[in-house]
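Biologist: I have the model open and would like to walk through the packing with you. Start wherever you like.

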Amino acid sequence: MSRLPAVFQKLKFPVIASPLFIISTPKLVIAQCKAGIVGSMPALNARPAEQLEEWLIEITEALAEHDRAHPDQPAAPFAINQIVHKSNDRLDHDVAMCVKYKVPIIITSLGAREDVNAAAHSYGGVVLHDVINNRFARKAIEKGADGLIAVAAGAGGHAGLKSPFALIQEIREWFDGPVVLGGAISTGSAVLAAQAMGADFAYVGSAFIATDEARAAPAYKQAVVDSTSDDIVYSNLFTGVHGNYLAPSIRAAGLDPDNLPESDPSKMNFGGDAKKAWKDIWGCGQGIGAVKAVVPVAELVARLRREYQAAKANITA
């Protein structure tokens, strides 16, 4: 049994919604938290930077109001994702906002920094760092992260190539803190499988693109519904870091998804010109074959819960 910080004790269902670039906004985060899972969004989704404070106020007030109205069913905590990379010139500002509003969980990506972890710890926040291999996992914990998000093969957006079986097994040999597993998880049975492998929580992202509350174009949502893992392309062209994307959006941009050029990783960019150039390239993971319709967040989470309980019943039967 791993050691879990107190912030996770309110969580009645072991799912953390992954932050979706452009797509996650307070509307989606609030719906996820009210449904009983950790809702999250990238700080960089708030543009201009001043909007982040407005959004943090909106989220904290909405969840506080929910808890007052439903003391027997409090909302789950929320998380803000920080891109800890030199190309992110907003990091100091965005971290300061998270400190000001005491964001319960900080998810750090693309680098681990002791000062960011210390800032979160200054008010009792918890830091989860996403990693694609065991070497990066060790570095993250050495620099003060509280837990790890193991991003395995098939995850949407920036993802690695490691099998979840190998990645979790290697991490659990030395780390007994919180571990979240991501990569093609879009069913309740997959959530249970993540726990069986040794993870505490499942990281679910792409399935939430096809929800009413997601800030995604209708065509994007429908593409998630219509596509399967065969339609996912792994490339580093769009940001300089390898990730998974929907082939139909690549074709629509005039590119051949089967013959994409390589990008220069030293020129990573997560906003500005890169955002404009590739704004219609749609990130997505391999688990979308289970997504059959665009539904409200509450309905999606209810499905995951039913499938999770059914899977548990089948194992014990």
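Modeller: I would start with helix α1, whose buried residues pack against β1 (15–17), β2 (39–42), α2 (51–69), β3 (78–83) and α11 (297–316). Helices here are DSSP runs of H or I with at least four residues, strands are runs of E with at least two, and both are numbered from the N terminus. Buried means under 20% relative accessible area, exposed means over 50%, and partly exposed is in between, with a 1.4 Å probe and protein chains only.

Biologist: What should I know about where these numbers come from?

Modeller: This is a predicted model, so to speak, with local features needing pLDDT of at least 70 and side-chain atom pairs counted only at pLDDT 80 or more, whereas totals for chains, interfaces and linings use all residues. Residues are numbered from 1 along each chain as its sequence is written, and side-chain values use heavy atoms, with hydrogens and water left out.

Biologist: Back to α1, then: which of its residues are buried?

Modeller: They are P26, L28, V29, I30, A31, Q32 and C33. That is seven of the nine residues in 26–34, so the helix is largely enclosed by the rest of the structure. Just after α1, G36 takes a positive phi of about 100 degrees.

Biologist: Q32 catches my eye; is it buried or exposed?

Modeller: Q32, which lies in helix α1, is buried, with a relative accessible area of 0%. Leaving aside neighbours within four places in sequence, Q32 is in contact with A17, I37, G39, S40, F208 and V297, where contact means heavy atoms within 4.5 Å.

Biologist: And what does F208 touch?

Modeller: With neighbours within four places in sequence again left aside, F208 is in contact with A17, L20, Q32, I37, A214, V297, L300 and V301. F208 also belongs to the largest nonpolar core, which has 76 residues, and F78, I80, I171, F208, V224 and L246 touch the most other members. Such a core is a set of buried Ala, Val, Leu, Ile, Met, Phe, Trp, Tyr and Cys residues joined through side-chain atoms within 4.5 Å. Apart from this core lies another of 18 residues, among them L11, A76, L128 and Y203.

Biologist: V224 is in that group, so which residues of α8 are buried?

Modeller: In α8 (residues 218–226), the buried ones are Y220, K221, A223, V224 and V225, and they pack against β11 (243–246).

Biologist: Switching to α7, what does L192 contact?

Modeller: L192, in helix α7 (residues 188–197), counts as buried at 13% relative accessibility. Outside its neighbours within four places in sequence, L192 is in contact with Y308, A311, K312 and I315. L192 and K221, 29 residues apart in sequence, are 26 Å apart in space, C-alpha to C-alpha.

Biologist: Now the strand β2 end: what surrounds P42?

Modeller: P42 lies in β2 and counts as buried at 5% relative accessibility. Its contacts, again without neighbours within four places in sequence, are P19, L20, F21, S24 and N81. The C-alpha atoms of P42 and T108 are separated by 9.6 Å, although these residues are 66 apart along the chain.

Biologist: Give me the odd backbone spots too.

Modeller: As background, most residues other than glycine have a negative phi, and most peptide bonds are trans. Here a cis peptide bond joins R47 and P48, with omega of about 5 degrees, and P48 is found in the loop between β2 and α2. I22, in the loop between β1 and α1, is not a glycine but has a positive phi of about 75 degrees, and it counts as partly exposed at 27% relative accessibility. L110, also not a glycine, has a positive phi of about 60 degrees; it lies in the loop between β4 (105–109) and α4 (114–121) and is partly exposed, with a relative accessible area of 25%.

Biologist: Last topic, the whole chain: how many helices and strands?

Modeller: The secondary structure comes to eleven helices and eleven strands, and 54% of the 317 residues count as buried. Among contacts between residues at least 6 apart in sequence, 64% join residues at least 24 apart. The C-alpha atoms fill a box of roughly 50 × 50 × 40 Å, taken along the principal axes.
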